[in-house]
Amino acid sequence: MSSITLENVVVDFPLYGLEPSFRTDLIGRAVGGLLKRTGQRGNGVVVRALDRISLELRHGDLLGLVGHNGAGKSTLLRVLAGIYEPSHGQCTIDGRVSPLFLTAPGLDFDDSGYENIITCGRYLGMSRKEIKSKIKEIDAFAELGQYLALPVRTYSAGMVVRLGFAIATAIDPEILLLDEGLGAGDARFADRAHARVEALIARSNIMVLASHSDELIRQMCNRAILLAHGQIIVDGTPDEVLDRYHQMQSAPQPPAAEPAADAEAVGDVEVGPVVAGPATV
């Protein structure tokens with residue numbers, strides 16, 4: 001049986017290249033939840049993208065990740081995909097993980113459609129035998145006909161999307177990771193694509209979806225968590241979590257705190273473009 005267990009997972013992204021005076025100003029304040037001071041002298045600064053996340057997923061869990069931009073949704077997905085290593089804590093995964101952050105990883109515009117089915121399928125974790133058994137299915141769904149024998153650079157943008165979508169949704173995942181769903185091209189194709197995504201999710205043992213769409217979370221998930229500043233605020237049904245999220249969104253925001261008088265206090269602070277690290281946290 002597939003499973004995911006996270007125990008007190010922390011992900012920190014160090015900030016480099018800050019002016020000493022600016023760094024001193026940052027670590028002397030205590031007003032947010034994104035920045036932490038580190039080091040023996042407390043003079044280092046990191047972005048804490050995930051803060052002590054503990055979570056268990058078992059067979060049949062279809063989890064939606066809810067939260068504002070920067071809440072930690074994409075970072076959590078990338079920890080589950082093995083792209084980011086936790087700075088602290090433990091992430092244990094039993095089962096093959098299929099992260100669909102790109103519909104056609106490894107796509108080469110100079111190769112034919114058939115060649116790209118093999119290449120992209122391998123990037124998505126399928127064996128050559130699996131891929132070859134699915135070529136007819138991919139061909140039928142993408143509706144590209146003889147174009148599959150031509151270089152992808154001869155395709156229109158919509159044809160490229162259809163090819164990538166057909167390949168990505170041909171996998172048989174044990175643990176499926178989705179970020180904002182999959183692009184499906186024109187309206188007629190989108191109708192068919194919706195049913196194909198539902199079939200993909202049905203073939204998964206566990207699914208984790210990050211999305212800003214209430215409709216998608218309610219439709220695709222049987223469980224959800226609300227993230228804020230890298231922490232889990234609520235873990236429950238999609239309706240419970242979405243209701244709490246909108247309550248938080250509509251609540252009046254507290255005024256900004258004044259700089260802490262005690263320079264030794266461990267402080268956090270939100271900052272803008274000075275962050276030098278991964279763009280999505």
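H229 sits in the loop that runs between β9 (223–228) and β10 (231–236). In this predicted model, H229 has a phi near 50 degrees, a positive value in a residue that is not glycine. The briefing below takes up such backbone angles, then the surroundings of S2 and β1, two buried helix residues, and the salt bridges, of which the count is 14.

**Positive phi outside glycine**

- Most residues other than glycine have a negative phi.
- H229, with its phi near 50 degrees, has a relative accessible area of 31% and is therefore partly exposed, since that class lies between the limits of 20% and 50%.
- E143 also is not a glycine and has a positive phi, of about 55 degrees.
- The loop between α4 (128–142) and α5 (157–168) holds E143.
- E143 has a relative accessible area of 38%, so this residue is classed as partly exposed.

**S2 and strand β1**

- S2 belongs to the segment that precedes β1 (3–14).
- The relative accessibility of S2 is 4%, and S2 is therefore counted as buried, because the limit for that class is under 20%.
- The side chain of S2 makes a polar contact of 3.0 Å with the side chain of N205.
- Apart from neighbours within four places in sequence, the contacts of S2 are R58, H59, D94, G95, E174, I175, N205 and I206.
- N205 thus appears in the contact list of S2 and as its partner in the polar contact.
- In β1, nine of the twelve residues are buried, and the strand is mostly covered.
- Six bridges pair β1 with strand β5 (residues 88–94) in the antiparallel sense.
- Within this pairing, which residue of β5 stands opposite V10? The residue is H88.

**V197 in helix α6**

- V197 is located in helix α6 (residues 187–202).
- Is V197 buried or exposed? Its relative accessible area is 14%, so V197 is buried.
- When residues up to four places away in sequence are not counted, V197 touches F165 and M220.
- The C-alpha atoms of V197 and A170 are 9.7 Å apart in space, while the two residues are 27 residues apart in sequence.

**L242 in helix α8**

- Helix α8 (residues 238–250) contains L242.
- With a relative accessible area of 1%, L242 is buried.
- Neighbours within four places in sequence aside, L242 is in contact with V66, D214, I217 and R218.
- I217, one of these contacts, is 25 residues from L242 along the chain, and their C-alpha atoms are separated by 8.7 Å.

**Salt bridges between elements**

- R78 and D179 form a salt bridge through their side chains, with an N to O distance of 3.5 Å.
- R78 is in helix α2 (residues 73–80) and D179 is in strand β7 (residues 175–179), so this pair ties together parts of the chain that are 101 residues apart in sequence.
- Are the two partners buried or exposed? R78 counts as buried at 17% relative accessibility, and D179 is buried with a relative accessible area of 19%.
- D239 and R218 meet in a salt bridge between their side chains, at 2.6 Å from N to O.
- This pair links distant parts of the chain, with D239 in helix α8 and R218 in helix α7 (residues 214–220), 21 residues apart.
- D239 is partly exposed at 43% relative accessibility, and R218 is partly exposed at 39%.
- R218 is also one of the residues in contact with L242, which lies in helix α8, as does D239.

**A salt-bridge network**

- Through shared partners, salt bridges join D12, R48, D51 and R52 into one network.
- One of the pairs is formed by the side chains of R52 and D51, with a salt bridge of 2.9 Å from N to O.
- R52 has a relative accessible area of 52%, so R52 is exposed, because the exposed class begins over 50%.
- D51 has a relative accessible area of 6%, so this partner is buried.

Conventions:
Residues are numbered from 1 along each chain as its sequence is written. This is a predicted model: local features need pLDDT of at least 70, side-chain atom pairs count only at pLDDT 80 or more; totals for chains, interfaces and linings use all residues. Side-chain values use heavy atoms; hydrogens and water are left out. Helices (H or I, at least four residues) and strands (E, at least two) are DSSP runs, numbered from the N terminus. Buried means under 20% relative accessible area, exposed over 50%, partly exposed in between (1.4 Å probe, protein chains only). A polar contact is a pair of N or O atoms within 3.5 Å; within protein, one must be able to donate a hydrogen and the other to accept it, and residues adjacent in sequence count only if both atoms are side-chain atoms. Contact means heavy atoms within 4.5 Å. Two strands pair if DSSP finds at least two bridges between them. A salt bridge is a side-chain nitrogen of Lys or Arg within 4 Å of a carboxyl oxygen of Asp or Glu.
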